[in-house]
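Trainee: I should like to learn how strand pairing and salt bridges are read from a model. Could we work through one case together?

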Amino acid sequence: MRKILIPIILVLSLQSCNIVESYICKEGNSDSEVFRAKSNAISTDSNLAKEKALFNAKADIAEEIDAYILDKYSYQTFLEDTDFEAKLNTARKNMLNEISIVCSKTIPKKDMYKSFVSIEISRQSIDDELERRLNEETQ
């Protein structure tokens, strides 16, 4: 009986850890008002784990923002206006500085740290930054 119970208890306890981790920093998905991204990373250094998780989340949200910008402004770029493209690139880089961290947690696991992060940025702030950059440099 014990030979059967011990493996079952071990499997259940490992599964419960994974279930708990799946609810850490899960602040939702992007919607019509906000872009959101989440990520996690593991390292022997807690600060490095946090930085890696944030970097990965920023890379994910940057892809969403790029797709949004290209969808919104692609009709204006078909003439290959290099000035316009440069303005969009400057605005995209500045937007990543506007991102808000909505959740950040680090959990020690044996000799490692697992860091979770969720970030977001509003579509309105993206639109405002794009308009500001495009108007600023054309005047």
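Mentor: Let us begin with the strands, bearing in mind that this is a predicted model. P108 stands opposite Y113 in β3. That pair belongs to the contact between strand β2 (residues 100–109) and β3, which are joined by nine bridges and run antiparallel.

Trainee: How many residues lie between β2 and β3 in the hairpin?

Mentor: Two residues separate β2 from β3 in this hairpin. In the turn, K110 has a positive phi of about 55°.

Trainee: Which strand does β1 pair with, and in which direction do the two run, parallel or antiparallel?

Mentor: β1 is joined to β3 by 10 bridges, and these strands run antiparallel. As an example of the register, S39 stands opposite V117 in β3. Thus β3 is bridged to β1 and also to β2.

Trainee: Let us turn to the side chains. How many salt bridges are there?

Mentor: The general idea comes first. Side chains of opposite charge can pair when their charged atoms come close. With a cut-off of 4 Å between the side-chain nitrogen and the carboxyl oxygen, the count for this model is four salt bridges.

Trainee: Which residues are linked in a network of salt bridges?

Mentor: The network links D31, R36 and E120. R36 and D31 form a salt bridge in which the closest N and O atoms are 3.2 Å apart. The side chain of R36 also meets that of E120 in a salt bridge, at 3.0 Å from N to O. Because R36 lies in strand β1 (residues 34–43) and E120 in strand β3 (residues 112–122), this pair ties together parts that are 84 residues apart in sequence.

Trainee: Are the members of this network buried or exposed, or in between?

Mentor: R36 is buried, its relative accessible area being 19%. That value falls under the 20% cut-off for a buried residue. E120, at 22% relative accessibility, counts as partly exposed, and D31 is likewise partly exposed, with a relative accessible area of 33%.

Trainee: Where do R132 and E129 lie?

Mentor: Both R132 and E129 lie in helix α4 (residues 123–138), three residues apart, or about one turn of the helix. They form a salt bridge whose closest N and O atoms are 3.2 Å apart.

Trainee: Which of these two is buried, and which is partly exposed?

Mentor: E129 is buried, with a relative accessible area of 8%, whereas R132 is partly exposed at 40% relative accessibility.

Conventions
Residues are numbered from 1 along each chain as its sequence is written. This is a predicted model: local features need pLDDT of at least 70, side-chain atom pairs count only at pLDDT 80 or more; totals for chains, interfaces and linings use all residues. Side-chain values use heavy atoms; hydrogens and water are left out. Buried means under 20% relative accessible area, exposed over 50%, partly exposed in between (1.4 Å probe, protein chains only). Helices (H or I, at least four residues) and strands (E, at least two) are DSSP runs, numbered from the N terminus. Two strands pair if DSSP finds at least two bridges between them.
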